[in-house]
Amino acid sequence: MDYRSFKVNCLFAFALRLVLVTYADFHDKYFDVPYTDIDYTVFTDAARCIVEGHSPYDRHTYRYTPLVALLLSPNILLHKSFGKVVFSIVDILIALLINKILIKQNCETKVAHICALTWLYNPFTIVISTRGNADSLAVLLVLSTLYAIQNNHLILAGMLHGLSVHFRLYPVGFSLAMYLSLCERKSLIPNTRQIKLVLSCVSTLSTLTLICYYFYGFKFLYESLIYHLIRKDARHNFSVYFYMLYLTAEQTPSIVQKLFTFFPQLMLLLVLSFFYSTKEKLPFAMLTQAMVMVMYNPVMTSQYFFWFLSLLPLSAPFIKMSMTRLACLISIWALAQGIWLFAAYLLEFRGINTFYFIWLAGLLFFAANTKVLMDVISGYSISRSKVN
């Protein structure tokens, strides 16, 4: 596959997304269950608040940076589907970044193109972006940070990392791995390169936080930051912790409960940061860390899969695995998810009390994710990759 055919695929993938964006208007008008993500409605309402000179946080449940509402203000001024088109463009940019990062990893051009196409034509990524979910923006910032690090643009990398953490909190989990990838020895004592990364990141994040606080006050801090740290979502979701949170919804979380929830995740993130701490292994470190953050998150919904699906193509060429094992892992993962979705369907649409079975299905899904992570780690080899 040459670069010209790759560009043709990018254009076709974008056209496909535009078709779905157009279809969404028809679907939302004539079907009871909307195609458009509820978050997109929240973004649009928040954008309307900004256009009218108010705070985006006047919109109940808007819990994002004001930059998202500001970016989508053309939803009000131009067309309601503007944001979906933007997210579709971002999908294409992500594919281009995947291609560039893999080539930087000395991956064969043809293989790099194919890996990028797995993002472009992944039904999950297509649907998520065309429904109006903004997670593709965070993914773009994460991959841009990785690309800047690989090319030794460390001040730019720090600025992008600070911006990505401002958009979504989860990229902060990659920070230690990024930091350690910039030194020969696994040392926490900073060198010049690490200082550039840290200072540019902290200054960017601090500046953005202060500007947003100046305009929107404590409401900004609470809704976009504090809420995500203390939230206790008792609604059914994929998380292995769901049933525990559901049963203790009316209680104040104890220190033991908080440690039980976050300590395993923290330890795994630290271990993965130190074990895969070189620049050539950084994409794989971020992939495994994203999988851990999703698996152990107290709240896990389908859009969170974006976090690791965007990083999987970067490591796929370096994971040795037979087609049989790959097919088995995909089947196990899909089947476990399907069982959970069936139990959730019985609860939501049939009114059957299946909370206990949803919890069991969540445990099964956690086990499936653990199996996938273990096999991915055991099959990983960096022998084909060398970053300058």
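This passage describes confidence, helix geometry and selected loop residues in a predicted model.

The model is a prediction, and a good place to begin is its confidence. Across the protein, pLDDT averages 91, and 97% of the residues reach a score of at least 70. Confidence is not uniform along the chain: helix 12 has the lowest mean, 82, while helix 9, spanning residues 154-167, has the highest, 97.

Turning to helix packing, helix 13 (residues 255-275) and helix 14 (residues 282-295) form a pair whose axes come within 10 Å of each other. The crossing angle is roughly 175°. Because angles over 145 degrees count as roughly antiparallel, the two helices are described as roughly antiparallel to each other. On the side of helix 13, the contact is made by Gln 265, Leu 268, Leu 269, Leu 272 and Ser 273. Helix 14 contributes Ala 285, Thr 288, Gln 289, Val 292 and Met 293. Sorted by class, this contact holds 6 nonpolar and 4 polar residues, with no charged residues.

Helix 14 appears again in the surroundings of helix 18, where it is among the elements that cover the buried residues. Helix 12 (242-247) and helix 17 (323-350) are also included in that cover. Helix 18 itself runs over residues 355-378 and has 24 residues. From its first C-alpha to its last it reaches 35 Å, close to the 34 Å expected at 1.5 Å a residue. Its buried positions include the aromatic residues Phe 355 and Phe 365, together with Ile 358, Ala 361, Gly 362, Ala 368, Val 372, Leu 373 and Val 376. Asn 369 and Asp 375 of helix 18 are buried as well.

Helix 8 (135-150) offers another view of burial. This helix has 16 residues and spans 23 Å between its first and last C-alpha atoms, close to the 22 Å expected at 1.5 Å a residue. Of these 16 residues, 15 are buried, so helix 8 is largely enclosed by the rest of the structure. Helix 8 is followed by Asn 152, which sits in the loop between helix 8 and helix 9. Phi of Asn 152 is positive, near 60°, in a residue other than glycine. With a relative accessible area of 39%, Asn 152 is partly exposed.

A positive phi is also found at Asn 106, about 65°, although this residue is not a glycine. Asn 106 lies in the loop between helix 5 (82-104) and helix 6 (109-120). Its relative accessible area is 46%, so Asn 106 is partly exposed.

Two serines in loops complete the picture. Ser 55 is located between helix 2 (38-51) and helix 3, and is buried, with a relative accessible area of 18%. Not counting residues up to four places away in sequence, Ser 55 touches Cys 49 and Tyr 216. The C-alpha atoms of Ser 55 and Tyr 296 are separated by 33 Å, with the two residues 241 apart along the chain. Ser 73 occupies the loop between helix 3 (66-71) and helix 4 (74-77). At 14% relative accessibility, Ser 73 counts as buried, because the cut-off for burial is under 20%. Leaving aside neighbours within four places in sequence, Ser 73 is in contact with Ala 47 and Val 51.

Terms used
Residues are numbered from 1 along each chain as its sequence is written. This is a predicted model: local features need pLDDT of at least 70, side-chain atom pairs count only at pLDDT 80 or more; totals for chains, interfaces and linings use all residues. Side-chain values use heavy atoms; hydrogens and water are left out. Axes are lines fitted to C-alpha atoms, for helices over the stretch in contact, and angles run from 0 to 180 degrees between N-to-C directions. Helices (H or I, at least four residues) and strands (E, at least two) are DSSP runs, numbered from the N terminus. Angles under 35 degrees count as roughly parallel, over 145 as roughly antiparallel, 65 to 115 as roughly perpendicular and the rest as oblique. Contact means heavy atoms within 4.5 Å. Ala, Val, Leu, Ile, Met, Phe, Trp, Tyr, Cys and Pro count as nonpolar, Asp, Glu, Lys and Arg as charged, and the others, Gly among them, as polar. The expected span of a helix is 1.5 Å times one less than its number of residues. Buried means under 20% relative accessible area, exposed over 50%, partly exposed in between (1.4 Å probe, protein chains only). pLDDT is the predictor's confidence in each residue, from 0 to 100.
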